[in-house]
Amino acid sequence: MANERLKRMFDQVRPSPEREEAMLAELLREEEREVRPMRRDWKRTAVLALIAAALLAAAALAVATVLDPAFLEHFGAGPKDEPLLGKTAVDVNLTAEPRELVYVGTGCTAGGPATEDIGTFFIRQAVVDRHSAKFLVDYTAPEGMVLDGDYYYPGFDYVLRGEEDWDITRSSYWVPKWEMVEDEDPTDGKITMLLTLAPTSGGDHLSGRRLLLIFRRLCAAENWDKAIRGERTVVVDGLWYFPMFTLPEEDPGVTYEIDQPVMLQGRRKTLEAVYVSPISLGFELSGWADTLPRTEEDWADSVALVTRKGERIPVVDASEMMNGYAGPESGYFYYRPERIIDPEEIKAVEFFGQTIDLK
């Protein structure tokens with residue numbers, strides 16, 4: 001009887017956690033009812049317990065976040081990378097509330113609900129570690145509008161809170177960058193964008209915080225560099241508020257407190273800490289403002305991770321943060337490794353000709 005019941009359970013397709021617990025509890029109760037008083041079959045009970053533990057472990061895997069193909073493509077990830085990348089992923093599934101954008105003097109503010117169709121923003125999934133976050137964002141245009149340009153993005157703002165409402169993180173800690181996800185049908189009025197929040201300082205974190213995202217106007221530009229210089233066209237005028245949601249509590253990365261002098265361009269600096277996660281590499285420095293390389297290429301060519309097996313993993317998407325963000329004597333520098341990494345496999349980092357041991 002018990003074996004047949006277990007088979008039926010394993011044949012279920014992704015039951016909810018609550019349903020799994022209820023099914024397991026009922027199974028154990030029924031098994032206990034069938035055992036005669038004072039004559040328990042201990043071997044059978046032990047086997048049942050092992051099978052039950054396997055059921056719960058399998059169920060935990062079954063309800064794990066299924067990574068969006070767009071994220072897998074963005075990170076160049078394959079099936080073997082999914083468990084590591086999955087540690088950073090969370091389903092969001094939130095639709096923004098469209099609002100009127102009211103102009104007051106030289107500025108603008110939020111009005112009431114939009115009185116006409118200004119389109120819909122939807123966040124599908126996020127990939128988050130301690131210091132950075134990426135969001136897959138869909139936009140569906142008003143009926144009849146075609147979005148066949150090369151590059152679109154909305155204006156962006158956010159509020160980041162801790163457990164208490166008074167615990168608000170200032171917005172200068174993270175800056176946005178927008179990328180387009182390849183559009184298979186440019187005529188359907190739908191586009192997907194990738195929003196990256198890159199850190200400007202290592203002094204704060206995203207883990208477990210509550211995030212409120214606000215988008216303002218959908219704009220078209222040639223690329224992100226032109227957009228941040230103001231070379232853009234407003235496509236849809238409006239405001240979109242997302243409900244506040246909580247970022248994952250668990251940090252998938254490791255922070256190494258270094259506090260080690262390093263030489264950069266003949267000047268002595270202090271490497272305060274190194275952060276390594278499956279999706280990012282971060283350096284926190286002090287005494288850096290006036291002598292560090294000024295181009296993304298200089299940073300990317302001079303930084304890499306080194307595995308226990310001696311493999312050198314280059315970095316991409318170097319984000320150079322100048323003192324206008326982080327202050328004249330400290331800074332945080334963020335990279336994306338060339339591939340998904342297991343922090344446990346990283347033994348050292350290369351940093352402008354110097355090798356910093358992490359283990």
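Guide: Let's open with a definition: buried means under 20% relative accessible area, exposed means over 50%, and partly exposed is in between, with a 1.4 Å probe and protein chains only. This is a predicted model, where local features need pLDDT of at least 70, side-chain atom pairs count only at pLDDT 80 or more, and totals for chains, interfaces and linings use all residues. Residues are numbered from 1 along each chain as its sequence is written, and side-chain values use heavy atoms, with hydrogens and water left out.

Visitor: Okay, try that on a residue. Is Asn93 buried, partly exposed or exposed?

Guide: Asn93 is partly exposed, because its relative accessible area is 48%. You'll find Asn93 in strand S1 (residues 89–95). Strands here are DSSP runs of E with at least two residues, helices are runs of H or I with at least four, and both are numbered from the N terminus. The C-alpha atoms of Asn93 and Arg124 are separated by 4.8 Å, though the two are 31 residues apart along the chain.

Visitor: Arg124 sounds worth a stop. How do I read a salt bridge, and which side chain meets Asp68 in one?

Guide: The general idea is that side chains of opposite charge can pair when their charged atoms come close. The rule used is a side-chain nitrogen of Lys or Arg within 4 Å of a carboxyl oxygen of Asp or Glu. By that rule the count is nine salt bridges. In one of them, Asp68 meets Arg124 at 2.7 Å, N to O. That pair links distant parts of the chain: Asp68 sits in the loop between helix H3 (42–62) and helix H4 (69–74), Arg124 in strand S4 (residues 120–128), 56 residues apart. Asp68 has a relative accessible area of 13%, so Asp68 is buried.

Visitor: And what about Arg124 and Asp138, at what N to O distance do they meet?

Guide: Their side chains form a salt bridge at 2.8 Å, N to O. Arg124 is in strand S4 and Asp138 in strand S5 (residues 133–140), so this pair ties together parts that are 14 residues apart in sequence. Asp138 counts as buried because its relative accessibility is 16%.

Visitor: Got another one, from elsewhere in the chain?

Guide: Sure, Arg217 and Asp237 meet in a salt bridge at 3.3 Å, N to O. Here the pair links strand S10 (residues 210–221), which holds Arg217, with strand S11 (residues 232–241), which holds Asp237, 20 residues apart. Arg217 counts as buried at 18% relative accessibility, whereas Asp237 counts as partly exposed at 37%. As for shared partners, salt bridges join Asp68, Arg124 and Asp138 into one network.

Visitor: Now strand pairing. In which sense do S14 and S15 pair?

Guide: Two strands pair if DSSP finds at least two bridges between them. Strand S14 (residues 267–276) and S15 pair in the antiparallel sense, over six bridges. A hairpin of four residues joins S14 to S15, and Leu271 stands opposite Leu285 in S15. Strand S15 (residues 281–286) is mostly covered, with five of its six residues buried.

Visitor: Last one: where is Glu184, and why is Glu184 called exposed?

Guide: Glu184 lies in the loop between strand S8 (174–180) and strand S9 (190–199). Glu184 is called exposed because its relative accessible area is 80%.
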